[in-house]
Amino acid sequence: MASSCFCSKFAVLGALVLMVVLAGSTSAQLSGTFYSSSCPNLLTTVRSAVRTAINNERRMGASLLRLFFHDCFVNGCDGSILLDDTSSFTGEKGAAPNLNSARGFDVVDNIKSAVEGACPGVVSCADVLAVAARDSVAILGGPSWTVKLGRRDARTANQAAANSSIPPPTSNLNQLISSFQNVGLSTSEMVALSGAHTIGQARCTSFRTRIYNETNIDSSFARTRQSNCPSASGSGDNNLAPLDIQTPTAFENDYYKNLVNKRGLLHSDQQLFNGGSTDSLVQTYSTNPSTFNSDFVAAMIKMGDISPLTGSNGEIRKNCRKVN
């Protein structure tokens, strides 16, 4: 009897523990309707601000999308990339992948300000950035999707992790695969997400070695790029070139067509179509834009799920550049 009673109490205790665990995991999940009551005008507010920014400068859509990538690859999608340096930590803006490269912080400030006007102290900077990235893609002609929300903001940043986690443009295929696997993304998801390079621009320093020294490059394309990127280091370093030479401000599948034709601007781009394991997927995306769009959306949603701060973790920053 005593044994039976003990077992019964143990079973009840186990059930209670399980309920607590399940409740905790459920509360930690992101949801597309997270702000439906607390900030019902969030999506229209963000979209309007993003549209204004892109109308002012078409390149800004690519910049906002890139900020989201670079945020999620460092300790998860927590808005840490937006933080300025402080006396207690060195921010991620000065990391090699971001220095003189990451941009759009002022636009994020404007979006956050508009959101604060609609619902003060409710929406995180991490969520603002996630929605802005989606809207940038959609406004530039790409697919749209339901953004899962409920992230909270980090109270610190990690420059060392930014330097080590974000794959540089010199990466080979194995390094790219490893970088994405480190944050839980597969090789096929890496190829789909790389399609973000169908918009945006890169600095001469990022592609100089490729256009002068590599052989798996279309010769006329190389000459075109050389005209605006001198071979000498220090000369024209900040000169820009479109990642997609045909339509740098339209989100479609031309990026993959360029790779098939050896017109990838970055070394890391062309690695996706260079006799390796990802060639067939690049070929598929180059001829089937709907497949690319659907795979890109699925990969973006999964990337947005990387290690979010939820519940009582982190905070809702009032100013995206600094902790409260």
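# Notebook: from Gly76 outwards

**Entry 1: Gly76**

I started at Gly76, which sits in the loop between helix 3 and helix 4. I am working from a predicted model, so what I note here is what the prediction shows. Is Gly76 buried or exposed? I found a relative accessibility of 3%, and Gly76 counts as buried because that is under the 20% cut-off.

Next I asked which residues Gly76 is in contact with, leaving aside its neighbours within four places in sequence. They are Asp71, Ile306 and Ser307. I also checked Leu309: it is 233 residues away from Gly76 along the chain, yet the two C-alpha atoms are separated by 8.2 Å.

**Entry 2: two positive phi values**

I stepped along to Asn75, found in the loop between helix 3 and helix 4. Its phi is positive, about 60 degrees, although Asn75 is not a glycine. Asn75 counts as partly exposed, at 47% relative accessibility.

Ser307, one of the contacts of Gly76, gave me another such case. Phi of Ser307 is near 40 degrees, again a positive value in a residue other than glycine. I placed Ser307 in the segment after helix 14. With a relative accessible area of 48%, Ser307 is partly exposed.

**Entry 3: Asn98**

I stayed with the loop between helix 3 and helix 4 and looked up Asn98, which is also placed there. The relative accessible area of Asn98 is 2%, so I logged it as buried. What is Asn98 in contact with, once its neighbours within four places in sequence are left aside? I listed His70, Ile81, Glu92, Lys93, Ala162 and Ile166. His70 is familiar from helix 3, as one of its buried residues.

**Entry 4: helix 3**

I then turned to helix 3, residues 60-72. Does its length agree or disagree with the expected span? At 1.5 Å a residue its 13 residues should span 18 Å, and the end C-alpha atoms are 19 Å apart, which agrees.

Helix 3 is mostly covered, with 12 of its 13 residues buried. Among them are Met60, Leu64, Leu65, Leu67, Phe68 and Phe69, along with Asp71 and Cys72. Asp71 is the helix 3 residue that I had already met as a contact of Gly76.

Which helices do the buried residues of helix 3 pack against? I wrote down helix 2 (42-56), helix 4 (105-118), helix 5 (125-139), helix 8 (187-194) and helix 14 (289-303).

**Entry 5: helix 4 and its partner in helix 2**

Helix 4 has 14 residues and reaches 20 Å from its first C-alpha to its last, close to the 20 Å expected at 1.5 Å a residue. I noted its buried residues as Phe105, Val107, Val108, Ile111, Lys112, Val115 and Glu116. Lys112 and Glu116 caught my eye in that list. The buried residues of helix 4 pack against helix 2, helix 3 and helix 5.

For a pair across helix 2 and helix 4 I picked Ala49, which is found in helix 2. Ala49 is buried, with a relative accessible area of 18%; buried means under 20%. Ala49 and Val107 are 58 residues apart in sequence and 8.2 Å apart in space, C-alpha to C-alpha.

**Entry 6: Ser286**

I moved on to Ser286 in helix 13, residues 279-287. Ser286 counts as buried at 9% relative accessibility. Leaving aside its neighbours within four places in sequence, I found Ser286 in contact with Asn253, Tyr256, Lys257 and Val260. I tried Pro230 as well: it is 56 residues from Ser286 in sequence and 31 Å away in space, C-alpha to C-alpha.

**Entry 7: the whole chain**

I closed with the protein chain as a whole. How many helices and strands does its secondary structure come to? I have 14 helices and 2 strands. The radius of gyration is 22 Å, close to the 20 Å that the globule rule gives for 324 residues, so the chain is as compact as a globular protein of that length. Along its principal axes the C-alpha trace spans about 85 × 45 × 40 Å.

Of the 324 residues, 46% count as buried. Among contacts between residues at least 6 apart in sequence, 76% join residues at least 24 apart. The chain exposes about 14400 Å², of which carbon and sulfur atoms supply 53%. Last, I checked the charges: the mean positions of the 27 positive and 24 negative ones are 2 Å apart.

Notes: Residues are numbered from 1 along each chain as its sequence is written. This is a predicted model: local features need pLDDT of at least 70, side-chain atom pairs count only at pLDDT 80 or more; totals for chains, interfaces and linings use all residues. Side-chain values use heavy atoms; hydrogens and water are left out. Helices (H or I, at least four residues) and strands (E, at least two) are DSSP runs, numbered from the N terminus. The expected span of a helix is 1.5 Å times one less than its number of residues. Buried means under 20% relative accessible area, exposed over 50%, partly exposed in between (1.4 Å probe, protein chains only). Contact means heavy atoms within 4.5 Å. The radius of gyration is taken over C-alpha atoms; the globule rule is 2.2 Å times the number of residues to the power 0.38. Accessible areas come from the Shrake-Rupley method with a 1.4 Å probe; for residues, only the protein chains shown count as cover. Lys and Arg count as positive and Asp and Glu as negative; His and the chain ends are not counted. The place of a charge is taken as NZ of Lys, CZ of Arg, CG of Asp or CD of Glu.
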